[in-house]
Protein chains: 2
Amino acid sequence: MKHAKELAKLQDHLVKHHLKVTKQREVILDAFLRNEHVTAEQLYRMLGRHKPHIGLATIYRTLNLLCDSGIAQERHFGSQTHYDNVVNKRHHDHMICTQCGAIIEFENCDIEHLQEAVAATHGFTITTHKLELYGLCRQCKN
Amino acid sequence: MKHAKELAKLQDHLVKHHLKVTKQREVILDAFLRNEHVTAEQLYRMLGRHKPHIGLATIYRTLNLLCDSGIAQERHFGSQTHYDNVVNKRHHDHMICTQCGAIIEFENCDIEHLQEAVAATHGFTITTHKLELYGLCRQCKN
DNA sequence: ACGGTACTAATAATCGTTCTCATTTTGTGA
DNA sequence: TCACAAAATGAGAACGATTATTAGTACCGT
C-alpha cells in the first residue's frame with residue numbers, strides 16, 4: 001500500500017483533534033500525494049469530474065489540515081500557494097526555473113550553518129527560514 | 001540635500017521614458033526614503049492628510065515606478081508587498097522577527113557562493129534569490 | 001430513531017493589488 | 001506665453017487568491 005504513512009499521520013491528527021475521516025479528505029490527500037508542489041487550484045481542476053464533486057473551499061480547508069498534521073508545508077511561489085509533501089523528507093529548499101516553472105529540491109547543511117552564524121552575530125534566533133533560487137534549469141538554458 | 005541621488009535616479013528614469021515629474025511622485029519618493037521596508041498601505045496612511053490627497057492607486061503605481069528606476073525592490077513578506085530602498089546598497093537578505101515585525105538586513109558572501117555551488121551541481125543557473133530568516137530578534141527573546 | 005457534532009458545497013466576503021475612466025496636470029513647441 | 005497632446009491623477013470598480021458564512025447532510029453514541 002502506497003502512502004500508508006501519510007494516511008496514518010492524517011488519521012492520527014484527526015482523531016487527536018476530534019475531527020473526522022471523510023471521503024473528501026482521503027481523495028484530496030491521495031491527489032496531493034500523487035503530485036508534488038501543487039496549488040489548490042490545480043487540485044481543484046484535477047478532481048473536477050470526481051464522483052462527488054469537491055468544492056474549492058474544501059480543498060483549501062483540507063490542505064490547511066495537511067499542514068497542521070505535518071504532512072504538507074506551504075510555499076509561496078509567485079502569487080499562489082504551493083503545497084509540498086514533507087513526510088520522509090528533511091528540511092530542504094527550492095530552485096525555481098523561471099522559464100518552465102520546474103521546481104528542484106535541494107538541501108545543504110553548510111548554508112544552514114552559515115545562516116545560524118550570521119543570525120548569531122545579530123542576536124537573532126532562527127525558527128524557520130525560506131531560501132529560493134530563481135533562474136534557469138538545465139533544459140531551459142538554451 | 002538628502003536623497004539627491006535617489007531623486008536624480010527617478011528623474012533620469014522619467015525623462016528616458018517620456019514620463020512626467022509630478023508633485024505626488026516627489027512626495028511619495030520622499031516618504032519612501034524616510035522609511036525602510038514600507039508597504040503601500042503604510043505609505044497611504046502616512047500621507048493620509050497630505051494637502052493634495054494621494055490615492056492608493058497612485059502609491060502602487062509610483063512604487064512600481066521606483067522599482068523600474070532601480071531605486072526600490074519588492075519583497076514579499078507575509079501577505080503584503082514591502083518595498084526596500086536599494087540605492088547605495090549591495091545585495092542583501094533579511095531576518096524578520098515574528099514577534100515585533102522588525103526587519104534586519106544582512107549580507108553574507110559565503111552563503112551566496114554556496115548557493116552557486118549547489119545550483120551548479122544541478123545544472124541550474126541562478127538569476128536571483130530570496131533568503132529570509134524568521135525568528136526572534138534580540139529584544140523579543142524574553 | 002434521536003440529538004449533537006462535524007462535515008460539505010455554494011456562495012458571499014475579504015484582502016491586497018490593478019484597472020477603468022473622467023478629469024487635471026505636465027512638458028513641448030509655436 | 002499659449003495651446004495641445006500625452007501622461008497622471010483619484011475614486012471606485014474589478015480582480016484573483018483565499019477565508020468565512022450558511023443551510024443543509026452524514027456520522028456517532030445512546
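Student: Which residue of chain A comes closest to the rotation axis?
Tutor: Leu131(A), in this predicted model. Its C-alpha lies 2.2 Å from the axis.

Student: How do you know what turn lays chain A on chain B?
Tutor: Superpose them. A turn of 179° does it, with a shift of 0.0 Å along the axis. The RMSD is then 0.2 Å.

Student: Why is the relation called a two-fold axis?
Tutor: Because a turn of 179° with a shift of 0.0 Å is the relation of a two-fold axis.

Student: What makes you say that the same surface serves both copies?
Tutor: Take the contact residues of chain A. In chain B, 100% of them recur.

Student: How many residues of each chain are in contact?
Tutor: 30 residues of chain A and 30 of chain B. Each counted pair has C-beta atoms within 7 Å, so it passes the cut-off for contact.

Student: Which elements give two or more residues to the side of chain A that touches chain B?
Tutor: Strand E5 (103–106), helix H5 (109–121) and strand E6 (125–136) of chain A. E6(A) gives the most, with 12 residues.

Student: How does that side of chain A divide by residue class?
Tutor: There are 14 nonpolar, 11 polar and 5 charged residues.

Student: What makes E6(A) and strand E6 of chain B a pair?
Tutor: Count the bridges. Pairing needs at least two. Here 11 bridges join E6(A) to E6(B), residues 125–136. The two strands run antiparallel. One of the partnerships sets Thr128(A) against Tyr134(B).

Student: What makes E2(B) and E3(B) a pair?
Tutor: Apply the cut-off of at least two bridges again. Strand E2 of chain B (residues 72–77) and E3(B) have 6 bridges, in the antiparallel sense. In one of them, Arg75(B) has His82(B) as its partner.

Student: Which residue in the hairpin of E2(B) and E3(B) takes a positive phi?
Tutor: Gly78(B), with phi near 60°. The hairpin has 2 residues between the strands.

Student: Which residues come nearest to DNA strand C?
Tutor: Leu19(A), Gln24(A), Thr58(A), Ala57(B) and Thr81(B), out of the 25 residues around that strand. To be counted as near, a residue must have its C-beta within 6 Å.

Student: Which elements each supply at least two residues of the surface near DNA strand C?
Tutor: Both chains take part. Chain A has helix H2 (23–34) and helix H4 (56–68). Chain B has helix H4 (56–69) and strand E3 (80–85).

Student: How many residues of each class does the surface near DNA strand C have?
Tutor: 9 nonpolar, 11 polar and 5 charged.

Definitions and conventions. Residues are numbered from 1 along each chain as its sequence is written. Chains are lettered from A and ligands numbered from 1 in the order in which they are written. This is a predicted model: local features need pLDDT of at least 70, side-chain atom pairs count only at pLDDT 80 or more; totals for chains, interfaces and linings use all residues. Two residues are in contact if their C-beta atoms, placed from the backbone, lie within 7 Å. Helices (H or I, at least four residues) and strands (E, at least two) are DSSP runs, numbered from the N terminus. Ala, Val, Leu, Ile, Met, Phe, Trp, Tyr, Cys and Pro count as nonpolar, Asp, Glu, Lys and Arg as charged, and the others, Gly among them, as polar. Copies are superposed by least squares on the C-alpha atoms of residues with pLDDT of at least 70 in both.
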